[in-house]
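Q: I would like a close look at the charged side chains of this chain and at how they sit beside its nonpolar parts. Please take the salt bridges one by one, and then place them in the wider fold.

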Amino acid sequence: MYLIGGLVGLILLIALGVVGLYNSFVKLRIKVDEAWSDIDTQLKRRYDLIPNLVETVKGYAKHEADTLENVVKARNMAMSTNGDAAKQAEAENMLTGALKSIFALAESYPDLKANTNFIELQNTLTEVEEHIQLSRRYYNGSVRDYNTAIAVFPGSVIAGMFNFEKREFFEIEEAQRENVKVDFNTK
C-alpha cells in the first residue's frame, strides 16, 4: 500500500516537473520572439529613414548614383529577409556598410554635411542604430537563456520530447567589431 502510494507520488512529482520545465521553455521562447519583434520594429524605423537620407544626398551628389543605388539595394534586401536571425544579420551588415559609404560620401560635400535635413537624418539614424544595438543585446541574452535551458539536463530531455529547437543569435560581422582607426598625423 505504501509502495503504491509512494510510486503514485513519484509519478505525480515527475509529471509536475515535466510540466514546469515545459512551461518555462514556452515562457523563454515567447521572450525570444518578443525580443525579435523589438529588433524588427527598430529595423523598420531604420528602413523608413533611408529613402529620406538617399533623397537628401541625391540633391548634393548627383554623380554618386552608384553609392546611392547600393544603399537602396541593401535596404530592399534587408527588408525582404524575414524571421531568420542569421540571414537578417547578414543583410543588416550589408546595409550598415552601404550606409557608412553615404556618410563617407558626405565628407566630400561640405554643403551636404552642413545641411540641416541631412544632420537631422544622421542624428535620427544614429539614435535608431543605438536602439537596434540595445534590442540586439536583449534578443541575444534571451536566446542565450533559452538555448541554455533547452541544452542542460534534464531540460534537454523534455525539450527534445516537445521539439524545442535552438535559436540563432543576431550577430554582427567581425569587420564591424573592429575599432575605427583614427590617425591625426598628416604627412
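A: In this predicted model, R144 has a relative accessible area of 47% and is therefore counted as partly exposed, and its side chain meets that of D145 in a salt bridge with an N to O distance of 3.1 Å. D145 is likewise partly exposed, at 29% relative accessibility. Side chains of opposite charge can pair when their charged atoms come close.

By the rule used here, which asks for a side-chain nitrogen of Lys or Arg within 4 Å of a carboxyl oxygen of Asp or Glu, the count comes to eight salt bridges. One of them joins D40 and K44, with 3.1 Å from N to O; both residues belong to helix α1, where they stand four residues apart, about one turn of the helix. D40 is partly exposed with a relative accessible area of 29%, and K44 is partly exposed at 46%. Another pairs K73 with E69, whose closest N and O atoms are 3.3 Å apart. These two are in helix α2, and because they are four residues apart there, about one helical turn separates K73 from E69. E69 has a relative accessibility of 42% and so counts as partly exposed. Beyond these pairs, R46, E92 and E129 are linked in a network of salt bridges.

The nonpolar side of the picture begins with a core of 44 residues, the largest in the chain, in which L53, V57, I102, F118 and Y139 touch the most other members. Helices α1, α2 (65–80), α3, α5 and α6 (155–161) each give this core at least two residues, and the largest share, 13 residues, comes from α1. Setting aside residues up to four places away in sequence, Y139 touches V32, A35, W36, I39, A85, E168, F169 and F170.

N140 is found in helix α5, which covers residues 116–151, and with a relative accessible area of 18% N140 is buried, since buried means under 20%. Apart from its neighbours within four places in sequence, N140 is in contact with F169 and F170, two residues that are also among those touched by Y139.

M94, in helix α3 (residues 85–106), is partly exposed, with a relative accessible area of 43%. Leaving out neighbours within four places in sequence, M94 is in contact with A74 and M77; the C-alpha atoms of M94 and T56, by contrast, are separated by 21 Å, with their positions 38 residues apart along the chain. On the surface, L7, L10, I11, L13 and I14 make a nonpolar patch of about 510 Å², and I14 lies in helix α1 (residues 2–60).

As for the wider fold, the chain has seven helices and zero strands. The radius of gyration is 24 Å, well over the 16 Å that the globule rule gives for 187 residues, so the chain is more spread out than a compact globule. Taken along the principal axes, its C-alpha atoms fill a box of roughly 90 × 35 × 25 Å. Of the 187 residues, 33% count as buried, while the accessible surface comes to about 12200 Å², with 57% belonging to carbon and sulfur atoms. Among contacts with a separation of 6 or more, 76% are between residues 24 or more positions apart.

Notes. Residues are numbered from 1 along each chain as its sequence is written. This is a predicted model: local features need pLDDT of at least 70, side-chain atom pairs count only at pLDDT 80 or more; totals for chains, interfaces and linings use all residues. Side-chain values use heavy atoms; hydrogens and water are left out. Patches are made of residues with over 30% relative accessible area and no salt bridge: like charges are joined within 9 Å, nonpolar side chains (Val, Leu, Ile, Met, Phe, Trp, Tyr) within 5 Å. Accessible areas come from the Shrake-Rupley method with a 1.4 Å probe; for residues, only the protein chains shown count as cover. The radius of gyration is taken over C-alpha atoms; the globule rule is 2.2 Å times the number of residues to the power 0.38. Buried means under 20% relative accessible area, exposed over 50%, partly exposed in between (1.4 Å probe, protein chains only). Contact means heavy atoms within 4.5 Å. A nonpolar core is a set of buried Ala, Val, Leu, Ile, Met, Phe, Trp, Tyr and Cys residues joined through side-chain atoms within 4.5 Å.
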